[in-house]
Amino acid sequence: MKKFAIILFLGLCACKSGFNSTSKNCIEKDQREVLENAVELFEIKIQKQYPKLSKEAAYFEFISEWANKKLPIIFFQDSLESTVRNLNIWSESIRLDKDMDLEKKIFNIDSMNLKRVKLNYEFSSCLSKATTDWDGIRNFIVANSKYRLSPKLALKNLYRTNENDLKQFENRLAIILGVYYQTMFNIRSVVTK
C-alpha cells in the first residue's frame, strides 16, 4: 500500500510539472522550453482578457469568442510568434484563390496568407497521445492536422472537454497551438525561417 501511495504521489507531481513523458518524446528539449513559455505567455494574455474567470474558464471564453469572430486581429500577436513559427511542428501548403475567399469569410477578415499553416500530422499525432480528453481535444488536434477545421467545427470538439481536462498541460498546449498560433499564422504575415 505504501508503494502504491508513493507511485501515486510521484505521478501527481509529474503531471503538474509541464510536459508528461509521452509528449516529451514529441519535441526536442529546446523546443519544449519554447512551448512552455508560449503556454505561460498565452495564459497571461487570457487572464488579462478575462480577469474575472479562472484560467480554465478563460480558455473556454477564448474559444467561444474565437469561433464567434469576436476577437480582434491584434489579439493574435505575441513576442514568441517567430520562435514558435520556426519550430519543426508546422506544415505549409499554398492556398487556392477559392480556398482563400472561403477562409476569409470563415475568419471574418480581409486577407489571408498565401500559405496555409497548420500543425503537422506527426506532431499532432504524438501530442494527441499525450492528451487525456478523448472526445474533445484529442479529436480536435488530429482532425485539425488533416483538414484545417473551421472555428465552428473546432468549437464543437473543444466544447466536449471540461475545465478539469484543462489542468493538464498537453491539453492546454494543443489548444494554444491548434487554435491561437495556427490562427495567427494564417491571418497574419507568415514568418519565414
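How many helices and how many strands are there in the protein chain? In this predicted model, the protein chain contains ten helices and two strands. Along the sequence, these elements follow the order α-α-α-α-α-β-α-β-α-α-α-α. Five helices thus precede the first strand in the pattern, one helix stands between the two strands, and four helices follow the second.

The protein chain has 193 residues, and 51% of them are buried. Its accessible surface amounts to about 10500 Å², with 54% of that area belonging to carbon and sulfur atoms. Among contacts with a separation of 6 or more, 72% are between residues that lie 24 or more positions apart.

One disulfide was found in the model. In general terms, a disulfide is a covalent bond between the sulfur atoms of two cysteines. Here the bond joins Cys26 to Cys126, with a distance of 1.9 Å from S to S. The angle about the S-S bond is -90°, and the link of Cys26 and Cys126 is left-handed. The pair connects distant parts of the chain: Cys26 sits in the loop between α2 (21–24) and α3 (29–49), whereas Cys126 belongs to helix α7 (residues 121–130). Although Cys126 and Cys26 are 100 residues apart along the chain, their C-alpha atoms are separated by 5.7 Å. Both Cys26 and Cys126 are buried. Cys126 counts as buried because its relative accessibility is 19%, and the cut-off for this class is under 20%.

Helix α7 also holds Tyr121. Unlike the buried Cys126, Tyr121 is partly exposed, with a relative accessible area of 41%. Apart from neighbours within four places in sequence, Tyr121 is in contact with Val142, Ser145 and Lys146. The C-alpha atoms of Tyr121 and Ile141 are separated by 9.2 Å, and these two residues are 20 residues apart along the chain.

Helix α5 (81–85) includes Val84. Val84 is counted as buried because its relative accessibility is 0%. With neighbours within four places in sequence left aside, the contacts of Val84 are Val34, Ala38, Trp90, Leu177, Tyr181 and Phe185. One of these residues, Ala38, is 46 residues from Val84 in sequence, with a C-alpha to C-alpha distance of 7.7 Å.

The loop between α4 and α5 was examined at two positions, Lys69 and Ile74. Is Ile74 buried or exposed? Ile74 is classed as exposed because its relative accessibility is 59%, which is over the 50% cut-off for that class. Ile74 and Met184 are 110 residues apart in sequence, and their C-alpha atoms are 9.5 Å apart in space. Lys69 has a relative accessibility of 38% and is therefore counted as partly exposed. The phi angle of Lys69 is near 60°, a positive value in a residue other than glycine. For comparison, most residues other than glycine have a negative phi.

Lys69 also contributes to the lining of the second largest pocket. Empty space of this kind is shown by rolling a probe the size of a water molecule over the atoms. The second largest pocket has a volume of about 150 Å³. Which residues of its lining lie nearest the centre of the second largest pocket? Of the 15 residues that line this pocket, those nearest its centre are Lys69, Leu71, Phe76, Phe107 and Ile109. Two or more lining residues come from each of α4 (55–67), α6 (97–107) and α10 (169–187). By residue type, the lining of the second largest pocket is made up of ten nonpolar, two polar and three charged residues.

Definitions and conventions: Residues numbered from 1 in each chain as written. Predicted model: local features only at pLDDT ≥ 70, side-chain atom pairs only at ≥ 80, totals over all residues. Heavy atoms only, no water. Buried < 20%, exposed > 50% of the residue type's maximum accessible area, 1.4 Å probe, protein only. Contact = heavy atoms within 4.5 Å. Areas by Shrake-Rupley, 256 points an atom, 1.4 Å probe, with all protein chains shown as cover. Disulfide = S-S within 2.5 Å. 1 Å grid on protein atoms, 1.4 Å probe; cavity = no way out; pocket = protein on both sides within 12 Å on 5 of 7 lines; lining within 4 Å. Points joined across faces, edges and corners; volume = space filled by probe spheres on them. Nonpolar A, V, L, I, M, F, W, Y, C, P; charged D, E, K, R; others polar.
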